[in-house]
Amino acid sequence: MKTARIIVLSFIWTTVMLGNSLPNGGFEGTTPNWFSTGGTSTTAVEEWSTDEWRTGGHSLKITKSASDGTASWVSEDLYRYWSVFVGQNVGMEVGAWVKLDGVNTNPANDDEKIQLVFNFLDENGTDLLGAPLVLDVPQTAASTDWVEVKSATPISFPVTVAKITTEFRFGSSATGTAYADDWFIRNTTAGEWAGDFFNPNVDVPDGWFYWWPDFSAGKSGWGVGGPPVYAGQDVTEAHSGDASLKMVKDSTGYELVVNTDPTDFVNDGTPLVFSAYIKTILPDGMADSANADPSYAMGITVTWHDGTCGADGWGEVGGSDYRFEVAGDTTDWTLYQAVLTPPDGATQFSLRARYWHFFRGTTYWDDFKVMRTIPLVVDNGNSQNIIPEHFQLIKAYPNPFNPSVTIAFDLPRDGAVELSIYNLLGRKIATLIDQNMGIGRHRIRWDATSNTGEPVPTGIYFVNITFDGKESQIQKVTYLK
Ligand SMILES: [Ca+2]
Ligand SMILES: [Ca+2]
């Protein structure tokens with residue numbers, strides 16, 4: 001006879017949602033993160049353009065036909081988060097790539113020029129050069145392919161640079177069309193690092209940035225003969241709204257990551273549910289590889305921050321990787337999610353959509369959500385204190401149900417439990433439990449919402465429970481109006 005163990009109450013977490021704490025999870029927007037339009041011209045048009053680009057499908061475009069004032073794209077601090085790590089007295093050069101289409105040539109003065117402007121600021125906002133660094137875009141020809149425009153001589157600072165802002169501008173009398181892309185900052189001192197810009201490739205909207213080594217370096221010749229790599233807003237595919245995140249990689253040389261800004265949240269120790277809808281177009285066999293080998297995976301990484309993100313760095317207090325079970329090489333929009341528990345001291349998180357090194361293919365991501373969960377007290381129902389003999393899913397009740405159904409199950413020993421709800425198409429729409437649980441009988445209530453907090457349509461659903469990754473049982477439940 002087995003030894004009875006009395007478990008009066010056990011706490012499990014259910015995904016009763018307390019709202020989405022992630023800004024712009026839908027990847028919407030018509031300006032790139034940290035850039036906005038400026039200038040005095042009333043006829044100039046500044047666009048976040050998909051007409052021309054060096055990277056990621058977007059550049060900043062200015063079109064101006066009249067001498068009626070200035071036109072510009074202006075950035076906030078692009079040097080955020082990393083500057084504390086950047087050595088003082090490190091030589092650096094800065095610039096961006098510009099393409100011209102029918103601009104005025106041989107400008108006689110600044111009013112007729114197209115220029116890049118950089119401001120180097122300390123923590124108090126004081127200009128460390130005493131004046132902005134202004135770089136003239138060559139206007140010897142009216143139309144050019146992409147040309148690199150950069151500072152003529154290296155610059156360095158005896159103090160830490162806290163912020164760098166930039167501007168791409170047409171003087172009041174400059175005319176024509178110009179595009180700018182791929183801002184860069186590079187060291188000119190061997191063995192030192194000058195830092196990096198965030199969202200220098202202007203391909204992702206508010207709330208997001210991404211990183212790829214060749215991109216932020218603004219390397220010459222990018223895209224010529226190189227492997228396809230692309231991360232940017234896409235408006236041809238969307239799970240909702242007008243836009244999604246498109247990621248493309250055909251290289252195994254690097255990971256590809258697209259990050260959110262660090263975002264505040266209330267940390268009471270309860271897990272957070274991170275989710276996104278993803279559509280995949282992958283090489284044959286990639287999903288199997290991703291599911292079998294961590295270095296081939298697709299998923300998310302969540303970095304936990306202590307709230308000091310800024311000019312002093314990330315303030316990182318931990319990180320959590322989650323590799324998704326990829327649903328197939330070619331799939332329609334599919335919900336993916338991860339339940340992750342924040343460490344003590346975390347007051348912010350940042351999320352990154354991630355291709356590990358060997359993952360290749362095209363994916364679209366939309367409707368990123370981060371939900372707080374609240375604890376639900378569940379009694380183990382084991383009033384006889386009898387150890388269940390078998391792993392068993394008990395008959396759900398009521399069934400049919402509205403508004404909620406109680407699902408119970410027996411565990412004959414401690415072990416890993418995943419309890420998920422699937423719709424008739426076989427798509428997982430909610431994970432109610434994904435954790436180790438103790439021996440005994442457990443109950444959980446499902447309130448007919450998905451893990452993104454949305455009410456599900458009435459109809460037939462399947463409760464699937466897997467114990468220790470080996471035994472599974474399934475049960476049909478019907479949600480009635
Ligand atoms: Ca969207
Ligand atoms: Ca770009």
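Q: In what order do the four strands of the open sheet that contains E26 stand, and with which pairing?
A: Strands of a sheet pair through backbone hydrogen bonds, either parallel or antiparallel. In this predicted model, the order is E27-E26-E29-E30 and the pairing is antiparallel. Strands (E, at least two residues) are DSSP runs numbered from the N terminus, and two of them pair if DSSP finds at least two bridges between them. Strands E27 (428-437) and E30 (471-479) stand at the edges with a single partner strand each, so one side of each has no neighbour in the sheet. On average, neighbouring strands of this sheet are turned by 15 degrees against each other, direction ignored; axes are lines fitted to C-alpha atoms, and angles run from 0 to 180 degrees between N-to-C directions.

Q: How many bridges join strand E26 to strand E29?
A: Six bridges join E26 (residues 415-422) to E29 (residues 459-467), and the two run antiparallel. Val417 has Phe467 in E29 as its bridge partner.

Q: What conventions govern the numbering and the confidence limits?
A: Residues are numbered from 1 along each chain as its sequence is written, while chains are lettered from A and ligands numbered from 1 in the order in which they are written. As this is a predicted model, local features need pLDDT of at least 70 and side-chain atom pairs count only at pLDDT 80 or more, whereas totals for chains, interfaces and linings use all residues.

Q: Which strands stand at the edges of the sheet of five strands?
A: The open sheet has the order E2-E5-E10-E7-E8, with antiparallel pairing. Its edges are E2 (35-38) and E8 (133-136), each with a single partner strand, so one side of each is left without a neighbour in the sheet. Neighbouring strands here are turned by 20 degrees against each other on average, direction ignored. E2 is joined to E5 (residues 71-75) by four bridges, running antiparallel, and Ser36 stands opposite Val74 in E5.

Q: Is Thr31 buried, exposed or partly exposed, and why?
A: A residue is buried if 20 or more other C-beta atoms lie within 10 Å of its own, exposed if 12 or fewer, and partly exposed in between, with C-beta atoms placed from the backbone. Thr31 counts as partly exposed because it has 16 C-beta neighbours inside 10 Å. Thr31 lies in the loop between strand E1 (9-14) and E2. Beyond its neighbours within four places in sequence, Thr31 is in contact (C-beta atoms within 7 Å) with Ser36, Trp48 and Pro205.

Q: Which residues have the most contacts inside the largest nonpolar core?
A: A nonpolar core is a set of buried Ala, Val, Leu, Ile, Met, Phe, Trp, Tyr and Cys residues joined through C-beta atoms within 7 Å. The largest has 110 residues, and Ala178, Met247 and Phe274 have the most contacts inside it.

Conventions:
Contact = placed C-beta atoms within 7 Å.
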